[in-house]
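Please open the model in your viewer and keep the selection tool at hand, since each stop on this tour begins with something to select.

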Amino acid sequence: MQLLLLVRAYQVNGHMKARLDPLGLDDRAVPEDLDLANYGFTDADLDREFFLGVWKMSGFLSENRPVLTLREILSKLEQAYCGPIGFEYMHIPDRDKCNWLREKIETASLNQYQKDRRLVMLDRLIWSTQFENFLATKWATAKRFGLEGGETLIPGMKEMFDRSADLGVENIVIGMPHRGRLNVLGNVVRKPLSQIFSEFAGGTRPVEGEDGLYTGTGDVKYHLGTSYDRPTRGGKRIHLSLVANPSHLEAVDPVVVGKTRAKQFYSDDADRTKNMGILIHGDGSFAGQGIVYETLHLSALPNYTTGGTIHIVVNNQVAFTTDPRAGRSSQYCTDVAKAVNVPIFHVNGDDLEAVVRVCELAAEWRQTFHSDVVVDLICYRRFGHNEIDEPSFTQPKMYQVIKNHPNSLKLYEEKLLGTGEVSKEDVQRIHDKVNRILNEEFAKSKDYVPNKRDWLAAYWTGFKSPEQISRVRNTGVKPEVLKRVGQAITTLPEGFKPHRAVKKIFEQRAAMIESGEGIDWAVAEALAFAALIVEGNHVRLSGQDVERGTFSHRHSVLHDQETGAKYCPLDHVVMNQNEELFTVSNSSLSEFAVLGFELGYSMENPNSLVLWEAQFGDFSNGAQVMFDQFLSSGEAKWLRQTGLVVLLPHGYDGQGPEHSSSRLERFLQMSDDNPFVIPEMDPTLRKQIQECNWQVVNVTTPANYFHVLRRQIHREFRKPLIVTAPKNLLRHKECKSNLSEFDDVEGHPGFDKQGTRFKRLIKDRNDHKEVEEGINRLVLCSGKVYYELDEERKKTERNDVAICRVEQLSPFPYDLIQRELKRYPNAEIVWCQEEPMNMGAYTYISPRLYSAMKSLGRGSFDDIKYVGRAPSAATATGFLTVHVQEQSELVNKALQPEPIKFP
């Protein structure tokens with residue numbers, strides 16, 4: 001029994017005694033439970049023989065083990081658990097998984113690689129090392145965030161990919177930070193070396209204006225992505241894509257996982273074995289960045305799992321200048337991963353064969369158990385945070401050791417020369433080959449001309465970049481299709497017993513479809529989804545509580561009150577519908593990771609409507625990095641389009657400062673259209689939306705919401721769409737549309753000169769002529785405040801006031817604003833909003849409205865009158881009485897008989 005406890009102690013804590021630090025600076029105490037004396041043994045027992053068989057166990061303790069002396073048992077335990085690899089797996093509460101690992105760990109032979117494999121590893125390590133040396137020689141002062149000290153990552157990754165391909169993986173999506181990225185790009189993903197060298201020399205920007213050569217604003221070389229099909233050692237081919245990312249460490253993690261999940265959907269990879277995500281991390285960021293934890297917690301959720309991600313931590317044992325003891329509270333930087341019960345393999349980065357072994361083991365684990373796994377590659381950083389940084393300021397002892405420490409290539413060459421498996425000539429031959437190729441590629445780089453931009457996936461062929469004109473398309477749907485899908489989404493199966501309130505809602509919805517009148521927001525959204533599904537598009541909606549909807553309005557998944565069974569009407573729009581074609585899923589309580597996941601998902605295939613909804617728009621700033629670094633600027637930096645839709649509930653209802661504002665002003669401030677230049681607005685030549693970075697809308701009718709969602713798909717390019725979604729309009733008696741506004745029938749209300757499509761501006765509801773000289777005030781507004789203004793106008797019978805709704809705030813609808821300014825030549829011009837003056841759309845609208853007025857010779861900047869709340873630090877008051885007073889004052893002011901004084 002005592003011997004069994006000793007074996008278990010090695011399985012649990014052997015890693016604490018493992019030789020993991022290549023620099024030998026690790027001063028960890030060996031746990032007491034690895035001491036023989038603790039178990040009543042002395043040196044006199046070392047040659048006693050023991051039999052260790054245990055029922056249902058693997059490895060040392062399996063029933064078919066031979067009789068061994070205590071000395072042999074200890075030797076094998078030390079070899080398995082205290083060598084260059086530290087295994088942490090005994091926290092996993094699953095016997096089968098632990099037994100599988102025990103079998104791999106405890107029965108492996110020491111010399112498991114033959115000469116030919118070792119030569120391949122050597123070749124790969126030489127490539128990794130020489131690549132960095134070559135860059136250091138040619139560009140001594142350039143920042144390249146080299147891999148020196150962690151060169152074994154490259155052969156490790158290549159062996160991992162080879163093993164994965166043998167086990168059925170066809171696609172790998174990689175996310176990684178800047179350290180070692182150029183080496184991974186050149187040696188693993190096979191980006192042409194001449195292109196990498198050309199980018200180092202400053203790069204050649206293609207000529208603007210030529211078809212397909214839109215270059216955006218670009219990004220630094222160690223942020224760029226690429227994709228490539230590479231052959232594997234086993235004779236297969238594997239497609240690798242490295243996702244572009246910002247300097248914000250770990251922010252790319254959920255994007256990679258989302259893109260991987262999308263690849264699995266489009267390739268019918270139901271068992272999730274053909275497509276895999278690999279994330280490379282730094283030690284400081286893996287422990288320090290909360291997004292790591294958020295992403296790990298998506299790993300086993302049914303609508304987010306990818307069947308396991310392999311995490312490789314390039315552990316430099318220092319984060320920029322911060323020592324581990326100041327950067328984390330736990331023993332290892334990888335301890336966060338224990339929360340999701342995954343194995344963690346710590347490995348000494350100087351031992352190439354140990355690195356290869358754990359990389360292969362990680363691939364086998366992932367393909368066997370379809371869960372995450374972590375490889376902690378413990379290495380060092382030969383230079384500072386970048387090549388021109390001085391690390392000895394803060395880590396003098398460490399860098400004294402590093403200065404005299406041979407690199408992993410020298411150590412491996414010595415090992416192979418020592419065994420006599422290779423000669424010095426063999427080694428030199430590989431060095432000469434690598435150097436020759438590097439120099440040839442360098443010579444080619446001087447004349448390197450970039451190809452046309454490459455989309456990451458074949459699905460994007462034929463989509464247009466901002467310099468190629470794309471015609472506006474109609475989004476109306478045939479009336480018979482609307483009726484048919486309307487019936488499908490309002491019909492419940494026989495015997496299904498929903499909550500009585502929900503049953504009533506579905507009866508009302510069926511009546512709306514039948515009569516064609518009074519269509520509300522939720523039905524309009526469901527019709528938009530259903531019509532896209534009928535056309536063969538994939539629709540995916542996710543976020544906190546989206547199945548029911550925060551405001552209990554959507555009810556896309558119904559629950560039988562007796563059996564608990566679920567039913568989703570949108571899963572039954574077409575015959576034999578793929579159950580994932582429409583996906584609606586409550587997410588974990590995370591903004592950052594879930595928005596990142598959906599962004600990655602949306603980038604894989606343009607023929608999908610992917611939506612993320614915040615519980616309240618106020619909470620979206622939990623994902624601010626995603627908006628700033630990816631969504632608003634990804635196309636300009638990395639030439640990657642996305643049609644992601646972001647729904648942000650917004651509106652002032654007296655619910656206080658955290659339940660009122662989606663911070664609309666921030667999205668408008670990040671919009672990149674020039675407020676003082678009116679672009680080409682002719683419908684046949686207009687590229688306004690294509691040339692801007694995203695669209696921001698504040699829609700006020702169910703029909704317009706239907707069309708703006710369909711517009712995302714019915715065009716030849718993709719742009720993100722930010723929707724300040726309604727709250728009280730979901731049930732507002734006036735906020736209804738007729739079914740005839742959704743169809744494509746000429747003469748129906750939604751049909752204008754071009755057809756039925758999204759209305760960027762909705763003109764005054766009174767049927768005004770082309771010129772109305774009797775109107776003395778034009779109130780422009782956006783969102784739900786319109787209904788309050790219209791109600792007050794009816795009450796006060798102010799027929800001399802026109803109210804127009806700017807439904808699309810960005811890019812600004814100059815042509816329609818000019819049309820309304822011409823219609824009301826004598827009107828005072830007012831912008832009315834609910835938000836404080838320093839928030840909302842005012843600061844975005846005013847210079848653009850001024851440009852439209854100036855083009856018509858219509859007054860100065862001072863002629864734009866502001867009506868809304870005064871500037872404020874908080875988005876809204878927390879006192880309901882104050883809210884009601886403020887709201888009523890701004891509505892009254894917008895409609896007061898006397899001219900509005902402002903500023």
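Select G543 together with N586, its bridge partner in strand β14 (residues 582-586); a strand here is a DSSP run of E with at least two residues, a helix is a run of H or I with at least four, and both are numbered from the N terminus. Now add E613, which stands opposite G543 in strand β15. Before going further, note that this is a predicted model, in which local features need pLDDT of at least 70 and side-chain atom pairs count only at pLDDT 80 or more, whereas totals for chains, interfaces and linings use all residues. Residues are numbered from 1 along each chain as its sequence is written, and side-chain values use heavy atoms, with hydrogens and water left out.

Next, select the whole of strand β11 (residues 538-543), which is largely enclosed by the rest of the structure because six of its six residues are buried, where buried means under 20% relative accessible area with a 1.4 Å probe, counting protein chains only. If you colour its two faces separately, you will find H538, R540 and S542 on one side and V539, L541 and G543 on the other, and both sides are covered. Then show the neighbouring strands: β11 pairs with β15 (residues 608-613) in the parallel sense over six bridges, and with β14, also in the parallel sense, over five bridges. Two strands count as paired if DSSP finds at least two bridges between them.

The tour now turns to enclosed spaces. A cavity is a set of points, on a 1 Å grid over the protein atoms alone, where a 1.4 Å probe fits but cannot get out, and its lining residues have an atom within 4 Å of a point. A search of the whole structure finds eleven cavities of 30 Å³ or more, where grid points are joined across faces, edges and corners, and a volume is the space filled by probe spheres set on the points.

Select H650, N698, S782, G783 and K784, which are the closest to the centre of the largest cavity among the 21 residues that line it. This cavity holds about 150 Å³ of space, and strand β23 (residues 828-836) gives the largest share of its lining, five residues.

Finally, select R509, A526, R554, S556 and L570, which lie nearest the centre of the second largest cavity, lined by 14 residues. About 130 Å³ of space lies there, and the largest share of the lining, five residues, comes from α18.

Terms used:
On a 1 Å grid over the protein atoms alone, a cavity is a set of points where a 1.4 Å probe fits but cannot get out, and a pocket is an open set with protein on both sides within 12 Å along at least five of seven lines; lining residues have an atom within 4 Å of a point. Buried means under 20% relative accessible area, exposed over 50%, partly exposed in between (1.4 Å probe, protein chains only).
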